[in-house]
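Here are a few notes on the model, jotted down while I had it open. Have a look at the structure first, then read on.

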Protein chains: 10
Amino acid sequence: MPSQPTKELQTFPNPAPDRDYEIAFDCPEFTCLCPLTGQPDFARFKITYVPDQGCIELKSLKLYLWAYRNEGAFHEKVTNTIADDIIKAIQPRKLTVVGDWFVRGGIGTIVTVTHEKK
Amino acid sequence: MPSQPTKELQTFPNPAPDRDYEIAFDCPEFTCLCPLTGQPDFARFKITYVPDQGCIELKSLKLYLWAYRNEGAFHEKVTNTIADDIIKAIQPRKLTVVGDWFVRGGIGTIVTVTHEKK
Amino acid sequence: MPSQPTKELQTFPNPAPDRDYEIAFDCPEFTCLCPLTGQPDFARFKITYVPDQGCIELKSLKLYLWAYRNEGAFHEKVTNTIADDIIKAIQPRKLTVVGDWFVRGGIGTIVTVTHEKK
Amino acid sequence: MPSQPTKELQTFPNPAPDRDYEIAFDCPEFTCLCPLTGQPDFARFKITYVPDQGCIELKSLKLYLWAYRNEGAFHEKVTNTIADDIIKAIQPRKLTVVGDWFVRGGIGTIVTVTHEKK
Amino acid sequence: MPSQPTKELQTFPNPAPDRDYEIAFDCPEFTCLCPLTGQPDFARFKITYVPDQGCIELKSLKLYLWAYRNEGAFHEKVTNTIADDIIKAIQPRKLTVVGDWFVRGGIGTIVTVTHEKK
Amino acid sequence: MPSQPTKELQTFPNPAPDRDYEIAFDCPEFTCLCPLTGQPDFARFKITYVPDQGCIELKSLKLYLWAYRNEGAFHEKVTNTIADDIIKAIQPRKLTVVGDWFVRGGIGTIVTVTHEKK
Amino acid sequence: MPSQPTKELQTFPNPAPDRDYEIAFDCPEFTCLCPLTGQPDFARFKITYVPDQGCIELKSLKLYLWAYRNEGAFHEKVTNTIADDIIKAIQPRKLTVVGDWFVRGGIGTIVTVTHEKK
Amino acid sequence: MPSQPTKELQTFPNPAPDRDYEIAFDCPEFTCLCPLTGQPDFARFKITYVPDQGCIELKSLKLYLWAYRNEGAFHEKVTNTIADDIIKAIQPRKLTVVGDWFVRGGIGTIVTVTHEKK
Amino acid sequence: MPSQPTKELQTFPNPAPDRDYEIAFDCPEFTCLCPLTGQPDFARFKITYVPDQGCIELKSLKLYLWAYRNEGAFHEKVTNTIADDIIKAIQPRKLTVVGDWFVRGGIGTIVTVTHEKK
Amino acid sequence: MPSQPTKELQTFPNPAPDRDYEIAFDCPEFTCLCPLTGQPDFARFKITYVPDQGCIELKSLKLYLWAYRNEGAFHEKVTNTIADDIIKAIQPRKLTVVGDWFVRGGIGTIVTVTHEKK
């Protein structure tokens with residue numbers, strides 16, 4: 001059965017948990033729907049984190065982002081939600097999620113969410 | 001009622017039919033599905049034409065490209081189909097459709113279809 | 001009735017008020033008049049803020065910037081005024097307004113206003 | 001009295017009429033209104049011509065482009081009109097007018113009008 | 001069983017054989033061995049063709065390029081061989097193969113092979 | 001009477017003296033003479049300051065830079081002198097003057113002077 | 001006998017051990033195998049360090065990176081392993097290893113490992 | 001005595017007169033005066049020619065361009081004059097002179113003069 | 001014995017003499033001496049040719065370019081000489097030699113020699 | 001007598017010793033020899049310093065860098081030596097010397113030496 005979109009992020013154990021290091025994903029293929037008009041929105045996401053015990057599995061991230069394809073999602077809200085879901089899945093030591101949204105009304109919007117584990 | 005995706009391209013009369021001139025659209029927001037796996041594909045389309053009697057209405061082009069969102073479409077086939085639909089709608093004197101598809105299997109693909117009215 | 005320019009910025013509740021995160025708008029479509037000569041001036045504005053309780057609504061920002069179209073405005077003054085209006089509308093935790101003005105007298109001018117909530 | 005916008009293009013005699021040579025203007029400061037919504041549109045114009053007996057005076061070109069500021073103008077139509085006005089003013093041996101319009105509906109539009117004297 | 005490298009290019013029928021159009025592949029992931037020293041060489045290949053009856057299947061191209069990984073191959077020779085293999089597989093109306101080889105001895109080498117069907 | 005070069009910088013009152021904000025000028029049109037050979041030197045100047053009570057008037061800055069056209073001036077000395085003259089004129093809270101000088105003897109030179117009000 | 005790949009990094013004495021200074025290597029020619037599928041992966045590595053008593057010999061670094069050519073290696077793991085091997089070989093005062101991996105599943109991955117000597 | 005500006009272009013014999021080949025000069029350091037206002041103008045000149053019997057001596061070109069420093073010169077006129085002077089000095093087989101003038105009135109101007117020996 | 005500079009270009013048989021194809025070398029490491037002052041000159045050479053029976057061996061090209069290191073050479077002359085030596089060595093069907101010389105007297109010089117076999 | 005290469009750096013008194021400011025030289029024309037093979041190496045040097053009592057004279061820097069032309073010099077060693085020579089000549093308050101060496105063995109090397117006066 002071919003892959004399906006899913007909000008379940010898969011993880012694997014951090015191969016170097018004794019060290020702080022950074023993993024960055026550049027995801028130019030994101031689309032969702034505008035909650036007000038139902039029209040498509042597009043964005044490029046950049047996700048950067050310092051893993052603690054777990055890492056995000058790459059294919060699972062692809063399926064996770066795919067899962068927004070038919071959902072209504074405001075720019076500010078969905079960028080925070082993606083950050084929340086990653087925090088929930090792997091409790092990273094640090095996290096930055098950048099959503100770079102395409103032009104609407106002549107204006108481009110970039111939302112940047114950062115998180116640090118206490 | 002909000003706008004809906006549609007394969008019907010709207011047109012308007014060419015305001016300068018006595019002259020050959022060029023209209024180019026840069027459309028970075030295109031997505032469809034892979035016919036084999038059902039997974040999303042993304043592309044940036046550039047459409048350039050010399051109008052004859054009619055021009056493509058901009059908003060209608062947006063709705064037209066949106067209409068591929070849930071369709072399965074091979075890279076080579078869909079680029080030709082978009083060219084065919086524009087030819088059918090306005091019989092342009094010249095037309096170039098470029099589909100610049102995102103990386104799959106480590107390889108990027110650009111399909112370029114050109115047409116000249118006889 | 002179609003949209004009208006207005007100095008009234010619309011806002012909506014911050015969907016993630018418990019977290020400091022950043023929203024950035026890139027606004028390449030700004031024009032006003034030179035107060036001395038009445039001739040048009042052009043600028044690109046970049047507005048970046050950390051929301052507190054409220055966020056700026058995107059369409060309203062477009063109408064707000066439009067409202068300067070027929071006003072006389074000095075480079076330094078108007079950049080500060082835009083910052084003041086955003087502070088008044090949403091009391092952001094942090095704010096940066098950058099006005100990148102087109103060349104006059106062979107010289108380009110960039111005005112950068114920053115603000116931090118006490 | 002300060003300068004005023006005007007559709008009257010000023011000209012001066014070509015200093016080298018025995019030779020075909022090219023003059024190109026890069027005009028990033030153009031704005032007009034959308035005839036349907038009344039909202040501002042923005043474009044960057046590039047005007048390139050081979051003069052015959054007359055040349056376009058630079059300051060007069062600035063005032064000419066300014067004169068569109070409060071007019072409704074479709075992308076395709078206005079680019080042709082600017083070409084027509086230049087042809088009328090100086091009958092150039094060759095002319096290219098490129099209007100590069102800012103993104104609307106997620107799509108950028110470039111209109112290119114060329115003309116050659118018979 | 002996972003995919004294996006193979007010199008067999010897979011093809012599929014051209015969906016628009018009545019029209020000359022262009023398909024371009026950008027393949028940054030190519031490596032082979034230097035026939036003299038056995039050391040690795042790297043290149044970026046760009047393959048552009050006008051299909052006749054058949055098209056190259058994308059995944060098969062990936063496996064084809066992979067098949068050079070453990071072969072000795074001179075820059076000039078292998079670029080010609082890749083062109084020959086594509087010609088043999090699909091007899092394209094036109095073909096260009098560009099091999100952009102990484103710096104050796106302080107010098108970068110680009111080999112460009114073009115072919116046109118008689 | 002047309003404008004004349006002058007070392008007198010004109011100023012106007014800071015419209016927002018209660019706030020630290022930054023004004024940056026990009027001045028690509030600077031030329032002076034080499035004090036040793038009398039030959040022309042060229043530079044691009046970038047001047048950035050945080051105003052206190054006064055701001056530099058843009059046209060006056062143009063005339064000020066023009067005033068160096070026929071003066072002999074060493075790279076290091078003139079960059080400091082420009083900074084000194086701005087400090088004297090408006091006592092800015094902060095100031096950076098960057099002189100980016102064109103290649104001489106195969107070497108480009110950038111001189112950067114910074115100043116902070118005590 | 002020609003050079004062979006080897007995991008043994010060669011070193012030479014730091015010519016300026018009394019000073020902290022930085023050596024950076026830009027290595028665009030890295031390839032290994034995906035441990036799950038056996039298919040090739042490609043990356044560009046950037047290695048930056050402050051030497052203590054020893055420096056990495058350049059040719060030896062080339063052979064070291066070559067040694068991964070036929071090994072299975074996860075992105076996160078191998079970037080850490082390269083850092084570990086450099087630390088073991090020369091105990092640098094500071095070290096950063098950046099692995100910039102080519103697109104897989106539409107997503108690019110950059111892994112950045114930093115280390116500081118205690 | 002140090003070098004002086006001069007309109008006299010020095011030449012030397014073409015070392016390869018049996019072959020058509022091209023010599024291109026990139027001259028970013030040009031300034032003259034506006035004939036109307038007396039204010040400085042700046043341009044970057046690119047001069048490309050196919051020599052016949054003579055070539056332009058590089059230092060002499062520098063002194064030639066310097067000689068415009070205190071002259072009034074319209075954009076279109078001076079670009080043609082420079083072409084004329086080069087034609088007079090060396091009768092090149094082909095010549096292109098491009099004057100890329102800095103922004104005035106919000107508009108940049110590029111004048112391109114080409115010449116071919118009959 | 002280590003490699004020595006030599007004006008003798010080594011060649012090898014063209015592996016595809018039945019086809020016109022292009023080989024391009026990008027050589028950023030060229031230096032010679034100014035015949036007038038004895039001071040070093042630097043250039044980047046780009047050499048592009050369509051081979052006939054023979055090809056230029058890469059390492060030999062490196063040694064050939066090295067051989068100019070201590071020779072006096074005028075820009076125009078040496079670019080022609082390099083073309084002549086390549087023509088003599090392999091009689092290419094087509095050849096372009098571009099010498100892009102670093103700035104002298106504020107002016108950059110690019111010499112482009114092309115040759116076609118009769 | 002024409003200029004000769006020399007390791008003696010000439011200096012002149014700092015025209016603004018009461019202020020910390022920065023002077024940066026961009027030197028793209030550096031070549032020396034590999035101590036192991038005798039073959040040429042090339043680099044671009046960037047030298048940035050805060051002067052104390054003395055400044056480096058520009059022409060003398062050119063002659064200084066020229067003096068390495070026929071010397072064997074390891075990347076790491078020579079970058080440190082250039083820093084040492086500048087420190088000895090002018091005892092700058094701060095100094096950074098960056099040597100950006102061309103690709104060898106497929107790897108580029110950048111050596112960065114920083115110094116601060118105690």
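Which residue of chain C comes closest to the rotation axis?

1. Keep in mind that this is a predicted model. The answer to the question is C:Thr31, whose C-alpha sits 4.2 Å from the axis.

2. Now for the axis itself. A turn of 180 degrees, with a shift of 0.0 Å along the axis, lays chain C on chain D, and the RMSD comes out at 0.0 Å. That is why the pair can be described by a two-fold axis. The same surface is used by both copies: 100% of the contact residues of chain C turn up again in chain D.

3. On to the cavities. The structure has three of them at 30 Å³ or more. The largest cavity holds about 50 Å³ of space.

4. What lines the largest cavity? Chain F supplies F:Pro28, F:Phe30, F:Phe42, F:Ala43 and F:Phe102. From chain H come H:Pro28, H:Glu29, H:Phe30, H:Phe42, H:Ala43 and H:Phe102.

5. In terms of elements, β2 (21-33) and β3 (40-50) of chain F, along with β2 (21-33) and β3 (40-50) of chain H, each give two or more residues to that lining. The top contributor is β2(H), with three residues.

6. How do the lining residues of the largest cavity divide into nonpolar, polar and charged? You get 10 nonpolar, no polar and one charged. The charged one is H:Glu29.

How values were computed: Residues numbered from 1 in each chain as written. Chains lettered and ligands numbered in written order. Predicted model: local features only at pLDDT ≥ 70, side-chain atom pairs only at ≥ 80, totals over all residues. Heavy atoms only, no water. Least-squares fit on C-alpha atoms with pLDDT ≥ 70 in both. Contact = heavy atoms within 4.5 Å. 1 Å grid on protein atoms, 1.4 Å probe; cavity = no way out; pocket = protein on both sides within 12 Å on 5 of 7 lines; lining within 4 Å. Points joined across faces, edges and corners; volume = space filled by probe spheres on them. Helix = DSSP H or I, 4+ residues; strand = E, 2+ residues; numbered from the N terminus. Nonpolar A, V, L, I, M, F, W, Y, C, P; charged D, E, K, R; others polar.
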